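Me: I'm new to this one and keep tripping over the labels people use. Can we go through them together?

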Amino acid sequence: MDITTAQQGPLRLAVIVASNREGRFGPVVADWFTARTAERDDFAVDLVDLAEIDLPTALSHAPAPAVRAELAKVTPVLAAADAFVVLTPEYNHSFPAALKSLIDWHFGEWQAKPVGFVSYGGMSGGLRAVEQLRQVYAEMHAVTVRDTVSFHGAHGRFHEDGTPKDPEGTEAAAKSMLDQLAWWAHALRDAKAVRPYAG
């Protein structure tokens, strides 16, 4: 594959909804965010909802058939992705266990790809979860982009119809993050087309 081939087509973006808790707010944020990506022609989005995937915390080199069936739902999506956006709440100053399981069950699928973050929570807006995730994704050989989208006091930031009360600010934050993500995704996709990543 040459650079010309690698540049063809939109970037495949996997948007990961990290919360699987009962009564979660994540789908509200996810619906808003995926509507923003739908307005762009540089991304083709795959939604990975961890409420629909049941991965155990006990890792195995020889997973049982039930675990292999769960991995089959998500591993091909992660492998095909050129970039990721992790949409995460903050639980007890950290990120959800379901997300850690997803990360730990994979490795090569994350390598040499960029990761952006959309976070939500209370006073911190989920940013403490994001800071921890930056360290985890560095270990996965992924590149995290600087700019994030965060919703402080998230339940009070959206109208009942799921639209943000500050559409201008949130859309500007999403555009900035997605622009950075696209730059890194193109750069890394083109580089890997010339030379495999030495992970």
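**Buried, touching, lining**

Reply: Sure, let's start with a helix: A98, L99, S101, L102 and I103 of α4 are buried. Keep in mind that this is a predicted model.

Me: What do the buried residues of α4 pack against?

Reply: They pack against β1, α3, β3 and α5.

Me: And P96, why is that one called buried?

Reply: Buried means under 20% relative accessible area. P96 comes out at 2%, so P96 counts as buried. You'll find P96 in the loop between β3 (83–89) and α4 (97–104).

Me: Which residues does P96 touch, if I skip those up to four places away in sequence?

Reply: Contact means heavy atoms within 4.5 Å, and with that cut-off P96 touches A18, S19, T88, P89 and Y91. Take S19: P96 and S19 are 77 residues apart along the chain, yet their C-alpha atoms are separated by 6.2 Å.

Me: What makes something a nonpolar core?

Reply: The residues have to be buried, belong to a set that includes Leu, Ile, Trp and Tyr, and be joined through side-chain atoms within 4.5 Å. The largest such core here has 30 residues, and I16, L99, L102, W110 and Y137 touch the most other members. At least two residues each come from β1 (11–17), α3 (65–80), β3, α4, β4 (114–121) and α5 (127–139). The largest share, five residues, is supplied by α5.

Me: Why would such side chains gather like that?

Reply: In soluble globular proteins, nonpolar side chains tend to be buried together.

Me: Which residues is W110 in contact with, leaving aside its neighbours within four places in sequence?

Reply: W110 is in contact with I16, L78, F84, L102, I103, Y137, M140, H141 and A142. Apart from this core lies another, of 26 residues, including W32, L87, V149 and A182.

Me: Now the largest pocket: what is its volume, and which residues line it?

Reply: Its volume is about 170 Å³. The lining is made up of T148, V149, S150, F151, H152, R157, P164, K165, D166, G169, T170 and A173. Two or more lining residues come from each of β6 (149–152) and α6 (167–194), and β6 gives the largest share, four residues.

Me: How do you know how many of the lining residues are nonpolar, polar and charged?

Reply: Each residue type is assigned to a class: Pro counts as nonpolar, Lys as charged and Gly as polar, for instance. Sorted that way, the lining divides into four nonpolar, five polar and three charged residues.

Conventions. Residues are numbered from 1 along each chain as its sequence is written. This is a predicted model: local features need pLDDT of at least 70, side-chain atom pairs count only at pLDDT 80 or more; totals for chains, interfaces and linings use all residues. Side-chain values use heavy atoms; hydrogens and water are left out. Buried means under 20% relative accessible area, exposed over 50%, partly exposed in between (1.4 Å probe, protein chains only). On a 1 Å grid over the protein atoms alone, a cavity is a set of points where a 1.4 Å probe fits but cannot get out, and a pocket is an open set with protein on both sides within 12 Å along at least five of seven lines; lining residues have an atom within 4 Å of a point. Grid points are joined across faces, edges and corners, and a volume is the space filled by probe spheres set on the points.
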